[in-house]
Amino acid sequence: MKWNSKLYDSNQHFVSQYGESLLEFLPDNTEQSILDLGCGTGDLTAQIFEQYPNTIGIDSSLEMIERAQSKYPKIKFLNISAYEMDFFDKFDVVFSNAVFHWILDQNKLHYNIYNSLHKNGILICEFGANKNIDKIFNAYNKSIKKYNQKINISFYFPEIINHKKLLEQHGFKIKEIYDFDRPTVLPNGRLGLREWVLQFFSSDINKYNSIIKEDILQNMETILRNELFKQENWVADYRRIRVIAKK
Ligand code: BEZ
């Protein structure tokens, strides 16, 4: 997926804001080394860096990394993906917010994270749980049906039991794992749902011309209005899984 970093900062800033609650799981020792995996435009990395000066961020998108680096020149940012990273015994903490659901090879991801951690290092992460954005995804599916195209979007939204198994297979000891509903108010009032779909389902919706796109978006808004449009804002049906696990 191609990310537009400026649009991301102006429209999807809420992603890092919601991630702030994950910071409370960081260790007391501020000397510890921290990797922010999938740091995007660096806002959460910068918050971590304020307290933990041995923090770096990585992201697979060059555009995101360039923007992060220009906003926060004191922090080290690297343009590498979770698949490519080959750190060995380097970090006390791997931290990641709203990223794992984009990564389809979870074995490779967890293999690389495990290797990158020191002994007793911890993984702190949050991402989409089972049934995350179910209503939005179903409305999209319904709305594209008449165009007879195969959908080109996949996410990893696991059940706790399956994700627990995966972590254990990779040698992690689980300290906490739980999931929860986290209804998420989308920015920009009436435009919120369509802007979200255009950004996050871009790999699929961009194959349609502008007339069809408009039809899909309007159809989705009609399907979802009763359930997800509250007090002039769209509220996405996010569900989160949170993991604290030790090497
Ligand atoms: C999420 O943060 O849960 C998410 C965002 C975009 C697409 C799918 C899931």
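Which backbone nitrogen does the side chain of serine 61 reach at 3.1 Å? Keep that question in mind as you open this predicted model, and let's walk through it together.

**Stop 1: serine 61**

Select serine 61, which sits in the loop between strand S2 (55–58) and helix H4 (62–71). Now show methionine 64 as well: its backbone nitrogen is the one that the serine 61 side chain reaches, at 3.1 Å. Is serine 61 buried or exposed? It is buried, because its relative accessible area is 10%, and the cut-off for buried is under 20%.

**Stop 2: strand S2 and its neighbours**

Step back along the chain to S2. Both of its faces are covered: Thr55 and Gly57 on one side, Ile56 and Ile58 on the other, are all buried. As you look along the strand, remember that side chains in a regular strand alternate between the two faces of the sheet.

Next, add strand S1 (residues 34–37). S1 and S2 are parallel and share 4 bridges; to find one pairing, look for aspartate 36 opposite glycine 57 in S2. Follow the chain from S1 through helix H3 (residues 43–51) into S2, and you trace a right-handed β-α-β crossover.

Then select strand S3 (residues 76–78), which runs parallel to S2 and is joined to it by 3 bridges. Here isoleucine 56 stands opposite lysine 76 in S3. S2, H4 and S3 together make a right-handed β-α-β unit.

**Stop 3: strand S4**

Select residues 91–97, strand S4. How many of its 7 residues are buried? The count is 7 of 7, so far as cover goes a good place to hide the surface display and look inside. S4 pairs with S1 in the parallel sense over 3 bridges, and leucine 35 has valine 94 in S4 as its bridge partner.

Now bring in strand S5 (residues 117–128), which runs parallel to S4 and is joined to it by 6 bridges. Try highlighting serine 96 with its bridge partner in S5, cysteine 125. From S4 the chain passes through helix H5 (residues 106–116) to S5, and this β-α-β crossover is right-handed.

**Stop 4: isoleucine 244**

Jump ahead to strand S10 (residues 239–246), where you will find isoleucine 244. This residue is buried, with a relative accessible area of 9%. Select isoleucine 124 too: the two are 120 residues apart along the chain, yet their C-alpha atoms are separated by 4.8 Å.

**Stop 5: an open sheet**

Select S7, S9 and S8. These 3 strands form an open sheet in the order S7-S9-S8, with antiparallel pairing. Strands S7 (184–185) and S8 (229–230) stand at the edges with a single partner strand each, so one side of each has no neighbour in the sheet. S7 is joined to S9 (residues 233–236) by 2 bridges, and threonine 184 has alanine 236 in S9 as its bridge partner.

**Stop 6: the ligand**

Finish at the ligand. Show the residues that surround it: His101, Trp102, Asn132, Ile133, Phe155, Phe157, Trp196, Phe200, Tyr238 and Arg240. This shell divides into 7 nonpolar, 2 polar and 1 charged.

Zoom in on the polar side-chain atoms facing oxygen atoms of the ligand:

- Histidine 101 has one at 3.5 Å.
- Asparagine 132 has one at 2.7 Å.
- Arginine 240 has a side-chain N or O atom at 2.7 Å.

On its own the ligand has 260 Å² of accessible area, and the protein covers 97% of that.

Notes
Residues are numbered from 1 along each chain as its sequence is written. This is a predicted model: local features need pLDDT of at least 70, side-chain atom pairs count only at pLDDT 80 or more; totals for chains, interfaces and linings use all residues. Side-chain values use heavy atoms; hydrogens and water are left out. A residue is near a molecule or strand if one of its heavy atoms lies within 4 Å of it. A polar contact is a pair of N or O atoms within 3.5 Å; within protein, one must be able to donate a hydrogen and the other to accept it, and residues adjacent in sequence count only if both atoms are side-chain atoms. Accessible areas come from the Shrake-Rupley method with a 1.4 Å probe; for residues, only the protein chains shown count as cover. Ala, Val, Leu, Ile, Met, Phe, Trp, Tyr, Cys and Pro count as nonpolar, Asp, Glu, Lys and Arg as charged, and the others, Gly among them, as polar. Buried means under 20% relative accessible area, exposed over 50%, partly exposed in between (1.4 Å probe, protein chains only). Two strands pair if DSSP finds at least two bridges between them. A crossover is right-handed if, with the strands pointing away from the viewer, the path from the first strand over the helix to the second runs clockwise.
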